[in-house]
Amino acid sequence: MTQSDPAAGTIVRRMPVQKRSRERFELILDAAVALISEKGVDQLKMNDIVERTGVKHGSLYQYFPEKRAVIATLLDVYNRQGHDCVRLALEPVKTEADLLRALTRILDEYFEMFSTHPVMGDLIGATRADPELQKLEEADIRILSGILADAMRRAGVAGRNGSADTTAMMLMDLIAAVVCRAVCQPQEEAEQTVSQFKQLLAGGLANL
């Protein structure tokens, strides 16, 4: 595990090299995910992680000097999964039709990710009150929108003023917002939200 972007600074912890340390590192992250799922991110306490894992305080703080570092590292883990999803979906794009299929796939896969890992929504919520964590999310959206902008140019869809970068950033922001909303809804409403947004995507790309 490495940092996604220089904006991450030092709060995203690097994966230890030695096997025993890696296992302890992952044990801490797994415990943090479980505790956030049970209590919410605001109630996550370093003492609870110690109690859940049996890792001593000194060792825990060696890996994660503060709660923010735990949250930031989990964000980095999930963000990397999102990067892989977006790259794989957009890699074959050559036409506008390809682009629409890829965006639809990204929407579906993001919805599945958030549904399978509801802690992702808690982590994103935690960024709103923390300027340092906000930098991680800003770096993440820059990476994603950059991948999308390249695909848009290949497909000949670059916005009315040729600003693929701006359009791509708005699209990624919208996809994230729609998914966050849908995962909080009952299943039937969630499916309707996702379906309607797909229709908007199709119409939006046609207008571009």
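1. Lining of the largest pocket. In this predicted model, helices α4, α5 (96-116), α6 (119-127), α7 and α8 each contribute at least two residues to the lining of the largest pocket. The volume of this pocket is about 530 Å³. Its lining comprises 25 residues, of which I124, E137, D140, I141 and A176 are the closest to the pocket centre.

2. Composition of that lining. Sorted by class, the residues around the largest pocket are 15 nonpolar, five polar and five charged. E137 and D140 should be noted in any inspection of the site, as both are listed among the residues closest to the centre.

3. Second largest pocket. Here the volume is about 200 Å³. The lining consists of F114, S115, P118, G121, D122, I124, G125, R128, C180, V183 and C184. Helices α5 and α6 each supply at least two of the lining residues, and α6 gives the most, with four residues. By class, this lining divides into six nonpolar, three polar and two charged residues. I124 is named in the lining of the second largest pocket and is also among the residues closest to the centre of the largest pocket.

4. Salt bridges in general. Side chains of opposite charge can pair when their charged atoms come close. The count for this model is 12 salt bridges. Three individual pairs and one network are treated in the points that follow.

5. K19 with E23. These two residues form a salt bridge in which the closest N and O atoms are 2.4 Å apart. Both belong to helix α1 (residues 19-39), where they are four residues apart, about one turn of the helix. K19 counts as exposed because its relative accessibility is 53%, above the cut-off of 50%. E23, at 45% relative accessibility, is classed as partly exposed.

6. D76 with R80. What is the N to O distance in the salt bridge between the side chains of D76 and R80? The value is 3.1 Å. Both residues lie in helix α4 (residues 67-90) and are four residues apart, about one turn of the helix. D76 has a relative accessibility of 2% and therefore counts as buried, the limit for that class being under 20%. R80, in turn, is partly exposed, with a relative accessible area of 28%. The bridge thus joins a buried acidic residue, D76, to a partly exposed partner, R80.

7. R153 with D165. The side chains of R153 and D165 meet in a salt bridge with an N to O distance of 2.9 Å. R153 is located in helix α7 (residues 131-155) and D165 in helix α8 (residues 164-182), so this pair ties together parts that are 12 residues apart in sequence. Both partners are partly exposed: R153 has a relative accessible area of 42%, and D165 has one of 45%. Helices α7 and α8 also each supply at least two residues to the lining of the largest pocket.

8. Salt-bridge network. Beyond the separate pairs, E66, R68 and D130 are linked in a network of salt bridges. R68 falls within the residue range of helix α4, given as 67-90.

9. Aromatic contacts. How many aromatic pairs does the structure hold? There are three aromatic pairs. Ring pairs also link F25, Y63 and F64 into a cluster. F25 falls within the residue range of helix α1, given as 19-39.

Key: Residues are numbered from 1 along each chain as its sequence is written. This is a predicted model: local features need pLDDT of at least 70, side-chain atom pairs count only at pLDDT 80 or more; totals for chains, interfaces and linings use all residues. Side-chain values use heavy atoms; hydrogens and water are left out. A salt bridge is a side-chain nitrogen of Lys or Arg within 4 Å of a carboxyl oxygen of Asp or Glu. Buried means under 20% relative accessible area, exposed over 50%, partly exposed in between (1.4 Å probe, protein chains only). On a 1 Å grid over the protein atoms alone, a cavity is a set of points where a 1.4 Å probe fits but cannot get out, and a pocket is an open set with protein on both sides within 12 Å along at least five of seven lines; lining residues have an atom within 4 Å of a point. Grid points are joined across faces, edges and corners, and a volume is the space filled by probe spheres set on the points. Ala, Val, Leu, Ile, Met, Phe, Trp, Tyr, Cys and Pro count as nonpolar, Asp, Glu, Lys and Arg as charged, and the others, Gly among them, as polar. Rings of Phe, Tyr and Trp (its six-membered ring) pair if their centres lie within 6.5 Å; planes under 30 degrees apart count as stacked, over 60 as edge-to-face and the rest as tilted.
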